[in-house]
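Thanks for making time. I will go through one model this morning and keep to what can be read from the coordinates.

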Amino acid sequence: MIRAMMAYIWPKDDALVRKRVAISLGLLAGSKVLTVCVPFLFKGAVDTMGSLTMDTPADTILTTATAMLIGYGIARASAAGFNELRNAVFAKVAHHSIRKIATNVFLHLHNLDLAFHLNKQTGALSKTIDRGSRGINFVLTAMVFNIVPTIFELALVSSILGIKCGLAFAGVSMGCVGVYAAYTLSVTQWRTKFRVYMNQAENEAGNKAVDSLINYETVKYFNNEKFEAARYDQVLKKYESASLKTSSSLAVLNFGQNAIFSTALSVIMVLAANEIAKGNMTVGDLVMVNGLLFQLSIPLGFLGSVYREVRQALLDMQAMFTLMNVDSRVNAPVNAPPLLLGPDNASIEFKNVNFEYEPGKPIFKDLSFVIPAGKNIAFVGGSGSGKSSMVRLLFRFFEPNSGKILIGGQDISEVDIDSLRKSIAVVPQDSVLFHDTIKHNIHYGNLSKSQEDVENAARMADLHDNIMGWPKKYQTQVGERGLKLSGGEKQRVAIARAILKNSPILIFDEATSSLDSITEHNILQALARATKGRTSICIAHRLSTVMDADEILVLENGQVGERGTHAELLKKNGLYARLWETQTQQF
Ligand SMILES: N[C@@H](CCC(=O)N[C@@H](CS)C(=O)NCC(=O)O)C(=O)O
């Protein structure tokens with residue numbers, strides 16, 4: 001992890017970042033040296049003032065003391081100035097690395113296979129990225145600007161005390177820091193579990209709230225608002241109790257730390273008083289010792305928090321790097337050639353494909369079929385017959401357990417995945433939209449196309465007139481997941497997107513299932529226009545939508561049970577004829 005972090009903080013290919021880090025370190029050293037100078041100047045001023053009774057003229061003494069006190073102020077302000085400047089200079093490094101890491105992880109997540117995403121809660125994933133990248137920032141900042149500088153200051157202070165005041169002083173200050181650190185770390189260790197419970201309860205509450213609000217309509221259908229609120233409150237109760245324990249244990253920690261430091265400070269000042277009485281030290285020395293130790297207590301006051309947060313940050317980083325190490329189960333060979341498709345060769349072939357999501361529950365058993373280029377083919381079958389799984393395999397969201405899928409005669413597992421996916425436009429069964437404008441959602445099909453192309457695609461999908469009737473027209477916000485649109489409108493957005501993508505292969509996965517008959521009729525005409533000259537697959541539950549297909553393949557028990565035109569299949573009097581009969585009877 002440290003190595004991974006160093007790559008961002010000391011990047012070989014970015015001299016500007018390295019320069020910033022070097023400047024920050026320079027400012028840090030400057031700030032600490034000035035900090036240690038402050039008590040010296042104070043001591044000087046006190047001792048000078050103490051010599052008033054001696055022979056030196058009062059004016060000279062006052063001038064010297066004044067100069068030292070002004071120096072004291074300047075040193076103090078400059079130490080703080082260096083400190084702040086250092087934070088400002090380093091902030092860019094930290095935030096830049098967070099951005100780079102978060103983008104890398106985000107891209108990596110997009111490159112993982114669908115099985116990974118189906119098994120993960122999206123909210124939890126984004127939190128992992130968020131926490132992981134913040135963790136890196138924290139560890140970087142804490143190490144470079146808190147832990148290392150405090151150790152540096154402690155070494156500086158102990159050496160000065162040892163050399164100037166004697167080993168007893170150095171011993172007491174080192175001993176005090178040792179006891180202080182041991183106490184802080186053990187109490188922090190003990191109280192960390194309260195914070196862990198607190199974070200867990202906070203997460204749980206967040207997930208509960210999101211899950212419940214996403215299911216807003218379902219909650220209403222079953223009048224379960226009170227039940228949902230009670231469940232939410234249950235988690236908040238856990239959060240409340242853990243938060244209380246966190247704050248009371250913080251009081252214990254703070255009091256103990258203060259008591260240890262105050263004891264050591266008293267002991268050291270008593271030692272100094274003895275030395276003053278013996279004539280070995282001046283009153284100025286007592287003030288200096290006090291000042292040095294007091295300054296040291298400031299960064300040490302956060303030792304517990306830093307320790308806890310660094311540990312937590314390391315765990316968060318580990319979770320994030322673990323995500324980075326998950327490999328996609330769907331990969332193309334290195335330097336895979338692109339899928340080459342012309343207008344005439346976009347044929348699709350499944351060759352003895354076996355596939356199952358869960359062992360022992362096969363979806364496809366030795367499935368084989370060929371779809372000639374340019375044909376409009378329909379897939380029908382009962383629910384669970386694998387119609388949608390076929391699209392997932394074709395799009396390489398999943399890998400078949402065995403067998404081959406060829407497009408234009410090329411094995412899709414051997415070609416570049418990006419080029420494969422560019423060749424297929426899918427209108428999914430469940431069209432989910434981005435929380436953005438309607439224009440953005442249609443444009444998403446091909447971001448390089450113009451507004452005019454977007455409008456044409458909307459026209460083809462029979463959506464343009466609806467949009468023009470809305471007050472904000474193409475700038476209308478569709479709401480989260482497209483909630484403000486009807487099922488039919490959402491599906492037409494998805495169709496418009498696919499039309500805009502303009503791929504040689506088009507797949508409609510139950511694309512007209514949420515449309516009323518009139519819209520469906522219009523859309524089927526639009527689809528007929530869009531599919532002209534392309535290989536298209538129409539997956540349908542409603543058989544009336546696929547009657548005109550060049551050929552209909554009926555999926556049964558993981559294989560193609562029957563295939564033929566509508567008329568041929570009716571004549572066969574098999575599964576298709578039975579499905580047809582049931583549906584027309586219902587009608
Ligand atoms: N003196 C304590 C507490 C320092 C402190 O106040 N830390 C801040 C964060 S920098 C805080 O909010 N702590 C809350 C907590 O530890 O529960 C220590 O060494 O950890």
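Cavities come first. This is a predicted model, and a search of the whole structure turns up 1 cavity of 30 Å³ or more. The volume of that largest cavity is about 30 Å³. What lines the largest cavity? The lining is made of Val 380, Gly 381, Gly 382, Ala 540, His 541, Leu 543, Leu 579 and Gln 583. By class that is 4 nonpolar residues, 4 polar ones and no charged ones.

Now the open spaces. The largest pocket has a volume of about 2,700 Å³. It is lined by 49 residues, and those nearest its centre are His 110, Leu 114, Phe 395, Phe 397 and Phe 434. Which elements supply at least two residues each to this lining? They are α3, α4, α5, α11 (387-394), α12 (417-422), β6 (424-427) and α16 (487-501). Helix α3 gives the largest share, 6 residues. Sorted by class, the lining of the largest pocket holds 22 nonpolar, 13 polar and 14 charged residues.

The second largest pocket comes to about 1,000 Å³. Its lining counts 33 residues, with Ala 124, Lys 127, Thr 128, Arg 131 and Asn 203 closest to the centre. Here α5, α6 and α10 each contribute at least two residues, and the largest share, 12 residues, is from α5. The classes in this second lining are 8 nonpolar, 14 polar and 11 charged.

Helix α10 deserves a slide of its own. It runs over residues 303-325, which is 23 residues. From first C-alpha to last it reaches 32 Å, close to the 33 Å expected at 1.5 Å a residue. Which residues of α10 are buried? They are Gly 304, Val 306, Arg 308, Val 310, Ala 313, Asp 316, Met 317, Met 320, Phe 321 and Leu 323. Note that Arg 308 and Asp 316 are on that list. The cover over the buried residues of α10 includes α1 (2-9), α3 (58-111), α4 (114-118), α5 (122-165), α6 (167-214) and α8 (225-278).

On to charges. Side chains of opposite charge can pair when their charged atoms come close. The count for this model is 11 salt bridges, and I will show three examples.

Start with Lys 43 and Asp 47, whose side chains meet in a salt bridge at 2.9 Å, N to O. Where do the two sit relative to each other? Both are in helix α2 (residues 15-50), and because they are 4 residues apart there, about one helical turn separates them. Is Lys 43 buried or exposed? Lys 43 has a relative accessible area of 14%, so it counts as buried. Asp 47 is at 22%, which makes it partly exposed. This pair also belongs to a network of salt bridges that links Lys 43, Asp 47 and Asp 285.

Next, Lys 238 and Glu 204 form a salt bridge at 3.3 Å, N to O. Lys 238 is in helix α8 and Glu 204 in helix α6, so this pair ties together parts that are 34 residues apart in sequence. Each partner is partly exposed: Lys 238 has a relative accessible area of 46%, and Glu 204 has 29%.

The third example is Glu 399 with Arg 396, a salt bridge at 2.7 Å, N to O. Arg 396 is buried, with a relative accessible area of 2%. Its partner Glu 399 is partly exposed, at 28%.

Last, one residue in some detail. Ile 467 lies in helix α15 (residues 464-469). How accessible is Ile 467? Its relative accessibility is 0%, so Ile 467 counts as buried, the cut-off being under 20%. What is Ile 467 in contact with, leaving aside neighbours within four places in sequence? The contacts are Ile 438, Ile 442, Ala 458, Lys 473 and Tyr 474. Take Ile 438 from that list: it is 29 residues from Ile 467 along the chain, and the two C-alpha atoms are separated by 8.3 Å.

That is the end of my slides.

Technical notes. Residues are numbered from 1 along each chain as its sequence is written. This is a predicted model: local features need pLDDT of at least 70, side-chain atom pairs count only at pLDDT 80 or more; totals for chains, interfaces and linings use all residues. Side-chain values use heavy atoms; hydrogens and water are left out. The expected span of a helix is 1.5 Å times one less than its number of residues. Buried means under 20% relative accessible area, exposed over 50%, partly exposed in between (1.4 Å probe, protein chains only). Contact means heavy atoms within 4.5 Å. On a 1 Å grid over the protein atoms alone, a cavity is a set of points where a 1.4 Å probe fits but cannot get out, and a pocket is an open set with protein on both sides within 12 Å along at least five of seven lines; lining residues have an atom within 4 Å of a point. Grid points are joined across faces, edges and corners, and a volume is the space filled by probe spheres set on the points. Ala, Val, Leu, Ile, Met, Phe, Trp, Tyr, Cys and Pro count as nonpolar, Asp, Glu, Lys and Arg as charged, and the others, Gly among them, as polar. A salt bridge is a side-chain nitrogen of Lys or Arg within 4 Å of a carboxyl oxygen of Asp or Glu.
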